[in-house]
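Visitor: I am new to this structure and would like to learn how to read it, feature by feature.
Guide: Then let us look at it together.

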There are 2 protein chains.
Amino acid sequence: MSELGVTVKKDIEFGEWYIQVVLKSNLLDYAPIKGFIVLKPYGYSIWERIKEIADKRFKETGHQNAFLPTLIPESLLSKEAEHFEGFKPEVFWVTHAGNDELGERLALRPTSETLAYEIFSRWVRSYRDLPLKINFWNTALRAEIKSTKPLIRTSEFLWQEGHTVHASREEAEQEAMLMLSIYKEIMEEYLAIPVIAGYKSEKEKFVGADYTLTLEALMPDGRALQMGTSHNLGQNFSKPFNIKFLDKDDREQYAWQTSWGISWRLIGAVVMVHGDDKGLILPPRIAPIQIVIIPIFYGDESKDAVLAKCRSVYAMLKDRFRVHLDDREEYTPGYKFNDWELKGIPLRLEIGPRDVKQGKVVLVRRDDGKKVSVGDEELLDVITNMLEDVQHSLYARALKFLNDHTFSALSYDEFRNHVEHGFVKAYWCGSQECELRIKEETGADIRVIPFNSHDEGEVSYKQEGRCIYCGKSAVKMAYFARAY
Amino acid sequence: MSELGVTVKKDIEFGEWYIQVVLKSNLLDYAPIKGFIVLKPYGYSIWERIKEIADKRFKETGHQNAFLPTLIPESLLSKEAEHFEGFKPEVFWVTHAGNDELGERLALRPTSETLAYEIFSRWVRSYRDLPLKINFWNTALRAEIKSTKPLIRTSEFLWQEGHTVHASREEAEQEAMLMLSIYKEIMEEYLAIPVIAGYKSEKEKFVGADYTLTLEALMPDGRALQMGTSHNLGQNFSKPFNIKFLDKDDREQYAWQTSWGISWRLIGAVVMVHGDDKGLILPPRIAPIQIVIIPIFYGDESKDAVLAKCRSVYAMLKDRFRVHLDDREEYTPGYKFNDWELKGIPLRLEIGPRDVKQGKVVLVRRDDGKKVSVGDEELLDVITNMLEDVQHSLYARALKFLNDHTFSALSYDEFRNHVEHGFVKAYWCGSQECELRIKEETGADIRVIPFNSHDEGEVSYKQEGRCIYCGKSAVKMAYFARAY
């Protein structure tokens, strides 16, 4: 493979492999400021697919989009004390406009709870105004002090943040759970990445939330990646921000709230989970191009017939699939094969003089490299099935990896051993001290406490639950892992 | 009309009328920082429609979307001196991240030329990389010192900025003109607002451009509104930013560039141009809801039959139109009429017990208030035609207003008199001194120099062209007006 391709093996130098793939496949580029990236058209077109899918599900479930400014006055950001303390170290501050120093510093939105809720408090008067279910597609800005990684940890990122207001605790609980289930569906059905759903621990929850629901995936290096979160905010914000409503009996009540978000990190997860030594592999349901057609001819005598067939195949496919005909003449077919493999297009069609004569087309799958020759009349059916099969195979492979790298531990030695390689399910007494000690000694966090974690049968072999660290009686089973 | 409605007349208190309409129709709200606004779901859904229409046209003409960070280092923003001087007074500056003072100030994007072109210089190597045609949907931040007006002049605004790189001067010229024609199509065909197309004067052009193309509309108070601009940047940026390519003969050349943008200001224009004393009037092609169905019943005996018919009409219409059934029980039909009139929905369907019996539906047009009763079987056809008719009537009315308020002036007295009421077409010698004097004395700018302005016939009666101010031989005919 030429130097244009990826020059390291995914298994051997995973970190360097990731950087080469995201840069060389034209997903993104570095920006002039450290810790910031530019999403190039190819990367952005994947984000547009994810956005389209999520936006449709949000709207189907009664959410509406809106726009909030980027800037939040310091007095507002600091209104919920715990929330402010959490974000303060990473806030970018505007102090001047033109030559004038501002009377009050303005924060670049690290997240919009405080700004949104100040405004919501004016919009909510009565139970008739509820539920209020609003979403914002924007960016969040958080100065990253730790080392950054494109799409996974950057000082500005594309995301959506949903914010809802409800008349009861139960409705807010249901909303937080509904959004988690929509996120899970997007990750599993579209991105082909299996996730573990459940609660964050108190230590790991969103600052200001009653509790945080999370979806966690496992990356090929055995580290966990938080894919999306949904927070039940209780009345923690409605009280300082004074979001009150008159209920049906004319009594004034504080509202109940949720917030939830996913970001371009999902693209980073797709790269890590599905990619191989040749580059990206995109699941067909989110691939901006699902099929690339490559004409193959040597010399002019076959050119016209080959191009004519390519164009007619393109015309046949274009209303059913996202298809691209690469008829650039300044590049060889071999160069194009590598280029589109690097970009992860699920299916490649090769059409040469022999295929024209025989009424056939050669199909090559990106995921396993298998090649078949298909008669023109079967082409539509074969492609339809093959794209579905690629989608499911990618998921199955990722699920097998997750299962093979999810371990149970009943002793701390076992725990230390497994935690190098993936998720470790272990009992935990519930104390933050044990959680902190485990983190210090092994680098592993509690990533997620699964919904059924009170059921002791969750750790795969039966035994009475004892905290993996202190040996005291356990209240919960948790998934531990080192994380991004 | 209740206090929920607009309490002033458009003709009498235009400024106050505008503010009441945008607030009461739920388009937007004020943000906690002066000069900033929040776009509420209803306002945002209109922006989504405009975005969808424009995005489709951009993609059809070979443009791709991408993402750039919000922050631009000062050293980069100042690389093109004239550009920097122009934007400096309005730049928001980030000086701190967390508790740390930054080594270099970071500007919040007032526009992205400098950041984009620093990055483009890495992407462009050869003629094969050209043209590069990229668009960004984001916000621009410019601290407004003058008085602000929602959607028209705010310190942050939603917009798109397109940036292209070409191998020749001619190609860049064609691109700038192509984008202007797409903008004109959106404004006239979708927003139903006629615009005058042409050049900005040297004084009014974009800082850093060779020349700026503009589209100008006339608001009901006789002031002009700049609706969108497209800039031919020549090589003014490619030189300082070092955007060079190897041409087919292997010679290194500086590239040729354009940039162009439209913003949520277009929504403000729709409000001003089409609205009336009852509130908004939305052109059907951009209305998020084109038709609202309102059930009318008194007491329970007719309720079921009326609601059943409303639902079946809704089901019949929903795949062809953007339709909403307002079956809220806590509001009276009268309240709903006012509410949807305020929001500018083009067509209202009323369905009562008599309509159920007679197999009819009552249709009310928002633009002229005309009411017709239509048989169920004709409904689809009548609605299809009526929506088209509303679209065209709104345009025709706006065009008539534009024509009625576009004057020609051959003397300065005539000029002063007309300029209170709309556009004044007048000859101009081309000197900036005359342009400045006219501005000082009358408040009117040169808004646009139409494409055919060398043709002296443009001023409606024949006479040799003499500058309206100094009387010297004129080189151009220009449209003057006071402006937002």
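**Reading helices, a sheet and a pair of chains**

Guide: Bear in mind that this is a predicted model. We can begin with helix 7 of chain B, residues 265–274, which is mostly covered, with 10 of its 10 residues buried.

Visitor: Which are the buried residues of helix 7 of chain B?

Guide: In general, an α-helix has 3.6 residues a turn, so residues three or four places apart point the same way. In helix 7 of chain B the buried residues include Arg265(B), Leu266(B) and Ile267(B), and among them are also Met272(B), Val273(B) and His274(B).

Visitor: In what order do the five strands of the open sheet in chain B lie?

Guide: Strands of a sheet pair through backbone hydrogen bonds, either parallel or antiparallel. Here, in chain B, the order is 16-15-17-18-19 with mixed pairing, and the edge strands, 16 (323–325) and 19 (371–375), each pair on one side only. From one strand to the next the twist averages 25 degrees. Within chain B, strand 17 and strand 18 pair in the antiparallel sense over four bridges, and Arg348(B) stands opposite Val364(B) of strand 18.

Visitor: Which strands does helix 11 of chain B lie across?

Guide: Helix 11 (residues 379–404) of chain B lies across strands 15, 17, 18 and 19 of that chain, running at about 5 degrees to strand 18.

Visitor: What turn lays chain A on chain B?

Guide: A turn of 180 degrees, with a shift of 0.0 Å along the axis, does so with an RMSD of 0.0 Å, which is the relation of a two-fold axis. In chain A, the C-alpha nearest the axis belongs to Val94(A), 2.1 Å from it.

How values were computed
Residues are numbered from 1 along each chain as its sequence is written. Chains are lettered from A and ligands numbered from 1 in the order in which they are written. This is a predicted model: local features need pLDDT of at least 70, side-chain atom pairs count only at pLDDT 80 or more; totals for chains, interfaces and linings use all residues. Side-chain values use heavy atoms; hydrogens and water are left out. Two strands pair if DSSP finds at least two bridges between them. Helices (H or I, at least four residues) and strands (E, at least two) are DSSP runs, numbered from the N terminus. Axes are lines fitted to C-alpha atoms, for helices over the stretch in contact, and angles run from 0 to 180 degrees between N-to-C directions. Contact means heavy atoms within 4.5 Å. Buried means under 20% relative accessible area, exposed over 50%, partly exposed in between (1.4 Å probe, protein chains only). Copies are superposed by least squares on the C-alpha atoms of residues with pLDDT of at least 70 in both.
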